[in-house]
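I sat down with this structure today and kept a few notes as I went. Here it is, so you can follow along.

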Amino acid sequence: MYLHATQADRCLRGLTLALLVCCGCNTLDAASQDIGVDAGPVIASGFEPNTALLDRSGSLVLSGTDLQSGFDWAQDLEAATGAQRVTIQFQGGTDQQRRAWLTDDPVQRGNRTICFELREPNVGGQKGRVQANLYDTFGFSRFSQRIRLYLGDGFSELRDANVTFDWLTLFELWNNPNWTDDPWPFRISVNLIRQDPDRHELVLGAHGQTYTDGRWENVWEVIATDQPIAVETWTALELEFVEGNASTGRFVVRRIEPAAATLLDVTNWTHHPDDANPDGLTHLNPFKLYTSAELINGLHDLGTSLSVCWDDWQFEAVPR
Ligand SMILES: [Ca+2]
Ligand SMILES: [Ca+2]
């Protein structure tokens, strides 16, 4: 147990995870970090035992120590990020409508993962939400994250049905949040989208948006056309963020495997353009499943739900 995470501890932990990954799933091996985050992961978990989900007033809290990586979800997390916990938030509903749970890899038994499922719209009947909250951090000027994603139940239907959509959020960065009375709300959302009903492909898109008078408006938008994300197989993704303006801000999404590729590469605002004193990224959803009642109900009518699994989360960051 790492009660006091030293630099040596972190190096050892990073090495341990690298070895595990190298010998196991072969997904998160070294790749170049071109935005200057190279301190080694400060969060590193494959959701292996003894990672646990504890119920706290309707949300779940990632707890315990991942004995494979050595990462402790309380002390190590707070020392590395300033955040006291990673919460899995639902915004209401029942276990029949939405859930998050630790379970075996759908492909490789014995490997533990965290899975999210939406069966019915759990937020006032209007939408469905299951999300990891990494909130109230020190504020990062840069971060890099790797995680593996498995698109499970419902996604082959979304790929093949006669439907288009652009709201199915997998990642979201809040710089700054719109629920804290901050004068300069701004967010970057990464969605899985389907643009053309004649193409049976799910692709990633991202936008940076300001929030004014209850409305989100695009500052920029990009779509990884011609780079479909496969369903019912593991995809390893890397996200990188640099806080900055139209020429210094950066947001990148790469696929590590299968088929390594840069999917989204944005040089543009990563905070509100009117915010003269950006203070780093304090709030993010490092993984989430958030979409419309329309999609969830449509899948429900087809007799299925919407489920994703996540594994091998690594996060490294530079505080401001
Ligand atoms: Ca795992
Ligand atoms: Ca900020």
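My entries below go from the overall picture to a helix, a loop residue and a strand.

**Entry 1: overview.** I am working with a predicted model. I began with the secondary structure and found four helices and 18 strands. Next I looked up burial: 44% of the 320 residues count as buried. I also checked how far contacts reach along the chain. Taking contacts between residues at least 6 apart in sequence, I found that 69% join residues at least 24 apart.

**Entry 2: helix 4.** Which residues of helix 4 are buried? In this helix, residues 293-301, I noted Leu295, Ile296 and Leu299. They lie on the same side of helix 4, because they cover an arc of only 95 degrees around the axis. That fits a rule I like to keep in mind: an α-helix has 3.6 residues a turn, so residues three or four places apart point the same way.

I then asked myself what covers these buried residues. The cover includes helix 3 (155-160) along with several strands: strand 6 (112-118), strand 7 (127-134), strand 9 (168-174), strand 17 (288-292) and strand 18 (306-319). Just after helix 4, I spotted Gly303 with a positive phi of about 85 degrees.

**Entry 3: Asp105.** Where does Asp105 sit? I found Asp105 in the loop between strand 5 (98-104) and strand 6. Is Asp105 buried or partly exposed? I counted 19 other C-beta atoms within 10 Å of Asp105, and a buried residue needs 20 or more, so Asp105 is partly exposed.

I listed the contacts of Asp105 too, leaving out residues up to four places away in sequence: Asn111, Thr113 and Asp311. For a long-range check I took Trp310, which is 205 residues from Asp105 along the chain; the C-alpha atoms of the two are separated by 9.0 Å.

**Entry 4: strand 13.** How many of the nine residues of strand 13 are buried? I got eight for this strand, residues 234-242, so strand 13 is largely enclosed by the rest of the structure.

I followed its pairing with two other strands. Strand 8 (residues 140-151) runs antiparallel to strand 13, and nine bridges join them. As one of these, I noted Tyr150 with Trp234 of strand 13 as its bridge partner. Strand 14 (residues 250-257) is also antiparallel to strand 13, with seven bridges between them. Here I wrote down Leu237, whose bridge partner in strand 14 is Arg255.

Key: Residues are numbered from 1 along each chain as its sequence is written. Chains are lettered from A and ligands numbered from 1 in the order in which they are written. This is a predicted model: local features need pLDDT of at least 70, side-chain atom pairs count only at pLDDT 80 or more; totals for chains, interfaces and linings use all residues. A residue is buried if 20 or more other C-beta atoms lie within 10 Å of its own, exposed if 12 or fewer, and partly exposed in between; C-beta atoms are placed from the backbone. The arc is that of the directions from the helix axis to the C-beta atoms. Two residues are in contact if their C-beta atoms, placed from the backbone, lie within 7 Å. Two strands pair if DSSP finds at least two bridges between them.
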